[in-house]
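Here are some short exercises to work through with the model open beside you. Try each task before you read the solution.

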Amino acid sequence: MLSRLLSKIRLNTGWLLEKTTAIGKILTLFFVTGLLFGLLLGWIELVVAGVTALVLILLALPFLFGSLPHTVDFKITDKKTVAGREIPAQIEVNNTSKKSALPVTLDLPVGNRLFSLDVKTLSRGSSHKENVVIPGQPRSVLQIGPARIVRSDPLMIFKREWSWNKRHTVFVHPVTAALPSVNTGLVRDLEGYASKNIVSDDLSFYAIRDYRAGDLRRHVHWKSTAKTGALMVRQYEETTRSQMLIVLDTRIGQYRDEEEFELAVSAAASFALRGLKDGRNINMIYPSERTNDKKTKIFTEIDASTNEALLNGFSRIAQNAEFSSLQDCAEYASRIFQQASIVVIVTGSAINPTEIRASSNSFRPDTAVLTIVSAAEETPGHKKLGKLDVISIGILEDLTHLLIRRA
């Protein structure tokens, strides 16, 4: 019997300590030390302080008890947004009890931050709806929720919380720029798209012309030959397709700061979107952790089947000091993506130019390689490192201007 009583006292004391705030713990300390030392030393002032602290604690205790009459629901209309853009949300708090509900505070975790909303007294059966705007967030996969109600006494001596399980995931995409079409890196491909180049052998039929010496007999159009009495051959539009490989350097040491890295991410995303718009096959990769296993990929590939899948993948990219070098990643990628006709390497201003050159040399000589250097503190410009094109940008808009000038 005594052991059960002690066990209940221990459990209730533990529960009470969990609900006690820092202010409550300070008042408890005043109560214990005030009465103890006041009575021992005969200091009436300490006794008064201890009794006052006890009275405040006793007055605050009733706010802990009772069930919560509120229910909470919140909605996020857009599950994807752009870095820095505000996120609209709607919060609804309902009083489901048959009596009025006291004022409470609603906390909504947004990533690593916490947004609070004061909910006033609600009469029975009433609700409180409020449209809130979550400030613009950096590029990330943002977790919003779960919402929780916080009830406390006026002096914040005790605090009790109720949480709801509902969460929302919002993909915060990188800022991108509208780039001009990059015409380099087109390779002939029978499954590609018709171009304006006229050839004698392909799939996209164009016209009939007179036979010339050297034309193959299998290209002769016999029906036209029978009508005209002269040999006629088929002409075709050359079909082309371009496979674009984009390599984003994600090592921490290659960028001066976070802003420079975000500029590089935006540049890579802009190229990928432009490539999709141009009908290219896109492979978007970035280095992953080092490994001694030659069969294990040393890069991570982003799904580039659609614009949304691509940008969602960019939302997840983060820097890491333990990632493979850009050169190792490029050499490995050159074996995996042998059909790449254009390669875009995006890195930071702290990289060694020797590594840029070595990375570009990993690909076939007929592959067009373009390197973008995110250099926030340097003058934007276009230069050559041997046969390699290097574009330095200070802001994202520089990329559009320099590509137009280069074209």
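**Exercise 1.** Find the strand that holds Arg-151, then look for a salt bridge to this residue.

*Solution.* Start with the location: Arg-151 lies in strand 8, residues 148-152 (strands are DSSP runs of E, at least two residues, and helices are runs of H or I, at least four, numbered from the N terminus). This is a predicted model, where local features need pLDDT of at least 70, side-chain atom pairs count only at pLDDT 80 or more, and totals for chains, interfaces and linings use all residues. Residues are numbered from 1 along each chain as its sequence is written, and side-chain values use heavy atoms, with hydrogens and water left out.

Next, Arg-151 is buried (under 20% relative accessible area, 1.4 Å probe, protein chains only). Still, Arg-151 has no salt bridge (a side-chain nitrogen of Lys or Arg within 4 Å of a carboxyl oxygen of Asp or Glu). Asp-153, the nearest side chain of opposite charge, is 9.3 Å away.

Finally, beyond four places in sequence, Arg-151 touches residues including Phe-63, Phe-158 and Trp-162 (heavy atoms within 4.5 Å).

**Exercise 2.** Decide whether Phe-337 is buried or exposed, and list its contacts.

*Solution.* Look in the loop between helix 7 and strand 17, where Phe-337 is found. Its relative accessibility is 8%, so Phe-337 counts as buried. Setting aside neighbours within four places in sequence, Phe-337 contacts Gln-243, Leu-245, Asn-283, Ile-285, Phe-299 and Glu-301. Of Asn-283 we can add that it is 54 residues from Phe-337 in sequence, with 8.3 Å between their C-alpha atoms.

Terms used: Buried means under 20% relative accessible area, exposed over 50%, partly exposed in between (1.4 Å probe, protein chains only). Lys and Arg count as positive and Asp and Glu as negative; His and the chain ends are not counted.
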